[in-house]
Amino acid sequence: MSILKTTAKVLRQEEIAQDIFDMTISFPEGAKIARAGQFVGIYCKDGGRLLPRPISICGIDPSEGTIRIVYRIAGEGTREFSGWKAGESFRILGPLGNGYSPGTGRAVIVGGGIGIPPMLELARQIEGEKTVVLGYRTGAETFLKEEFEELAEVKIATDDGSEGVKGTVIDALRQGKVEGDVLYACGPMPMLKALAEYAREHGMEAQISLEERMACGIGACLGCIVKTDKRDQHTNVHNKRICKDGPVFDAKEVFFS
Ligand SMILES: Cc1cc2nc3c(=O)[nH]c(=O)nc-3n(C[C@H](O)[C@H](O)[C@H](O)COP(=O)(O)OP(=O)(O)OC[C@H]3O[C@@H](n4cnc5c(N)ncnc54)[C@H](O)[C@@H]3O)c2cc1C
Ligand code: FES
């Protein structure tokens, strides 16, 4: 799979919830080959921050030559991105990682927090029956919810109960008695661990995307390994590189600590 290291341009950017930004990028070569569940590495212009920041692809439009990302300000890198204006150029690496393999059968699509954006492009690409479950901190930050509602039935969980079910996406799945054939998910590790268990209990396949800390983003530094039941061809041990072999894994192959 080709990885491009090139210059991209901001087409538009807006704050869609507190500290959550929605940016559309002109990146025609990337938009032609990108898959749902892949990510891009975005370089800061501040030379003090050398490593690209991994951000999932939330939307792909090959005809317009654009990619959309939605991100939360987590530190100085993402704070810098949030200040970029339309027309501004920056360096980009990608598309990176493997992406989801949308299958047939009833899909259950689950996103938690900043794991929600990549699920939007996936939900667009899955044509059959699908249920979407989204977990937010509070009802005041239900970014992208309306766009999911145009595509599928959506169930919401919030930490404070201000919208939907009070609790986690697992609470929303259990209360809604949500079942399906394949579960696709992205979010924090404890959520993915619980979802792997939920999928096992309900006899579902599960494709989970691990958004762990990364360094190089291209498989060279081993800074992002996860223990799995299969050997990595690069290291020949039971580790896989999230950036290169993932970020999407079959939940059955991941050892959760
Ligand atoms: C494959 C992948 C896809 C991602 N997709 C998105 C996305 O679509 N939208 C989005 O908002 N964020 C996403 N992230 C997280 C994003 O990469 C980090 O928030 C970002 O790199 C932080 O950079 P920074 O310079 O702003 O903050 P830093 O100064 O580098 O870090 C600030 C804080 O964020 C924490 N942090 C850094 N990286 C991560 C991470 N990977 N996961 C959790 N916490 C982290 C640090 O521990 C620290 O507390 C993704 C991460 C990965 C690995
Ligand atoms: S971040 Fe370097 S190998 Fe994954």
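Start with strand S3, residues 39-42, and strand S7: the two pair in the antiparallel sense over 3 bridges. Keep in mind that this is a predicted model. Now pick glycine 41. Its bridge partner in S7 is leucine 93.

Stay on S7, which spans residues 89-96, and add strand S1, residues 4-17. These strands also run antiparallel, and 6 bridges join them. For one such link, select lysine 9. Its bridge partner in S7 is serine 89.

Next stop: the ligand. Select ligand 1 and show what surrounds it. There are 19 residues, and the closest are Tyr71, Ala74, Gly75, Gly77 and Thr78. Colour the elements that give two or more residues to this shell: strand S4 (53-56), strand S6 (66-72) and helix H2 (76-82). Which of the elements gives the largest share? That is S4, with 4 residues. Now colour the shell by residue class. You should get 9 nonpolar, 4 polar and 6 charged residues. Then colour by domain. Domain 1 (4-96) and domain 2 (107-253) each supply at least three residues to the shell around ligand 1.

Last stop: the largest nonpolar core, with 75 residues. In soluble globular proteins, nonpolar side chains tend to be buried together. Select Val40, Ile69, Leu183, Leu195 and Ile208, the residues with the most contacts inside this core. Add helix H6, residues 189-201, which provides the largest share of the core, 6 residues. Both domain 1 (4-96) and domain 2 (107-253) contribute at least three residues each to this core.

Finish by zooming in on leucine 183. What does leucine 183 touch, leaving aside residues up to four places away in sequence? Look for Val108, Val110, Leu195, Ala199, Met204 and Ala206.

Note on methods: Residues are numbered from 1 along each chain as its sequence is written. Chains are lettered from A and ligands numbered from 1 in the order in which they are written. This is a predicted model: local features need pLDDT of at least 70, side-chain atom pairs count only at pLDDT 80 or more; totals for chains, interfaces and linings use all residues. A residue is near a molecule or strand if its C-beta atom, placed from the backbone, lies within 6 Å of it. Ala, Val, Leu, Ile, Met, Phe, Trp, Tyr, Cys and Pro count as nonpolar, Asp, Glu, Lys and Arg as charged, and the others, Gly among them, as polar. Domain bounds come from an automatic or database domain assignment. A nonpolar core is a set of buried Ala, Val, Leu, Ile, Met, Phe, Trp, Tyr and Cys residues joined through C-beta atoms within 7 Å. A residue is buried if 20 or more other C-beta atoms lie within 10 Å of its own, exposed if 12 or fewer, and partly exposed in between; C-beta atoms are placed from the backbone. Two residues are in contact if their C-beta atoms, placed from the backbone, lie within 7 Å. Two strands pair if DSSP finds at least two bridges between them.
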